[in-house]
Amino acid sequence: MAARHIEEIQFPEWLSNVILVPKSGRKWRTCIAFKDLNKACPKDFYPLPRIDQLVDSTFGFEFLSMTDASQRYHQIMLAPEDRKRVSFITFTGTFCYVAMPFELKNEGATYQRLVDKIFHPQIRKNVEVYVDDMLVKSK
């Protein structure tokens with residue numbers, strides 16, 4: 001809650017469970033199982049860029065700078081009317097996301113559409129974007 005990605009909710013429309021997923025090094029990641037919600041949502045077929053075209057687009061550029069967007073999905077705020085659909089229950093209460101959570105069916109397509117729109121004037125010229133990985137090219 002300190003990061004302001006979630007807030008308490010009283011009347012959720014969908015309710016998902018919290019699960020623990022093992023990570024490397026004997027660590028655990030807390031995830032929300034949006035399995036039923038994902039089944040009910042239509043698939044967004046927004047295309048991801050083709051990796052071979054992205055690699056080919058670097059030809060002739062001497063300098064390449066790569067960056068990875070931190071907390072990528074949490075930077076996209078959800079519409080207030082959609083928050084009641086991404087709710088989950090814990091032993092301390094019922095909460096919902098106010099920013100787009102990880103593990104939603106269309107998270108990748110939504111994020112790709114957003115960065116394509118933001119970087120549209122620069123894509124293919126000096127910027128390439130693949131979901132949260134961005135490449136700046138310079139001669």
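Reader: What share of the contacts in the protein chain with a separation of 6 or more comes from residues 24 or more positions apart?

Author: That share is 63%. Keep in mind that this is a predicted model.

Reader: Okay. How many helices and strands are there in the protein chain?

Author: There are 3 helices and 8 strands. Reading from the N terminus, the order is β-β-β-α-α-β-β-β-α-β-β.

Reader: And is the chain a compact globule or more spread out?

Author: More spread out, because its radius of gyration is 18 Å, well over the 14 Å that the globule rule gives for 139 residues. The C-alpha trace spans about 55 × 35 × 25 Å along its principal axes.

Reader: What about burial, what percentage of the 139 residues is buried?

Author: Buried residues come to 35% of the chain. The accessible surface is about 9,700 Å², with 57% of that belonging to carbon and sulfur atoms.

Reader: Which domain does UniProt list?

Author: The UniProt record, an unreviewed entry, gives "domain: Reverse transcriptase" for residues 21–138. Over that stretch the model is 21% helix and 28% strand, and the C-alpha atoms at its two ends are 40 Å apart.

Reader: Switching to side chains. How many aromatic pairs turn up in the whole structure?

Author: The search finds 3. One of them is Phe88 with Tyr97, a tilted pair with 5.5 Å between centres and 45° between the planes.

Reader: Why call that one tilted?

Author: Because stacked means planes under 30 degrees apart and edge-to-face means over 60, while the rest count as tilted. The Phe88 and Tyr97 planes are at 45°.

Reader: Are those two buried or exposed?

Author: Phe88 is buried, at 6% relative accessible area. Tyr97 also counts as buried, at 14%.

Reader: Which residues do the ring pairs link into a cluster?

Author: Phe34, Phe88, Phe95 and Tyr97.

Reader: Where does the charged end of Lys139 sit?

Author: Over the ring of Phe61, at 5.3 Å from the ring centre.

Reader: On to the backbone. Which residue in the loop between β6 and α3 should I look at for its phi?

Author: Take Glu103, which has a positive phi of about 85° although it is not a glycine. Most residues other than glycine have a negative phi. Glu103 is in the loop between β6 (93–97) and α3 (107–119), and at 37% relative accessibility it is partly exposed.

Reader: What's the phi of Val131?

Author: Val131 has a positive phi too, about 50°, and is not a glycine. The residue lies in the loop between β7 (127–130) and β8 (133–138). Val131 is buried, with 11% relative accessibility.

Reader: Back to Glu103 for a sec. Which residue of helix α1 is in contact with Glu103?

Author: Asn38, which sits in α1 (residues 35–40). Leaving aside neighbours within four places in sequence, Asn38 is in contact with Glu103, Leu104 and Lys105. Asn38 counts as buried, at 17% relative accessibility.

Reader: Met100 is in that β6 to α3 loop as well, right? What is Met100 in contact with?

Author: Yes, the loop between β6 and α3 holds Met100. Beyond neighbours within four places in sequence, its contacts are Tyr73, His74, Ile76, Leu78, Glu107 and Thr110. Take Ile76: 24 residues separate it from Met100 in sequence, but the C-alpha atoms are 5.6 Å apart.

Reader: Is Met100 buried or exposed?

Author: Met100 is buried, because its relative accessibility is 5% and buried means under 20%.

Reader: Where is Pro80?

Author: In the loop between β4 (63–68) and β5 (87–90). Pro80 is exposed, with a relative accessible area of 59%. Its C-alpha is 7.4 Å from that of Val98, which is 18 residues away along the chain.

Reader: Last one: where is Trp28, and is it buried or exposed?

Author: Trp28 is in strand β3 (residues 28–33). At 56% relative accessibility, Trp28 counts as exposed. Apart from neighbours within four places in sequence, Trp28 is in contact with Leu20, Val21, Pro22 and Lys23.

Notes. Residues numbered from 1 in each chain as written. Predicted model: local features only at pLDDT ≥ 70, side-chain atom pairs only at ≥ 80, totals over all residues. Heavy atoms only, no water. Phe/Tyr/Trp six-rings, centres within 6.5 Å; stacked < 30°, edge-to-face > 60°. Buried < 20%, exposed > 50% of the residue type's maximum accessible area, 1.4 Å probe, protein only. Lys NZ or Arg CZ within 6 Å of the ring centre and 35° of its normal. UniProt positions renumbered as here; feature names shortened; annotations may be inferred. Helix = DSSP H or I, 4+ residues; strand = E, 2+ residues; numbered from the N terminus. Rg over C-alpha atoms; globule rule 2.2 N^0.38 Å. Contact = heavy atoms within 4.5 Å. Areas by Shrake-Rupley, 256 points an atom, 1.4 Å probe, with all protein chains shown as cover.
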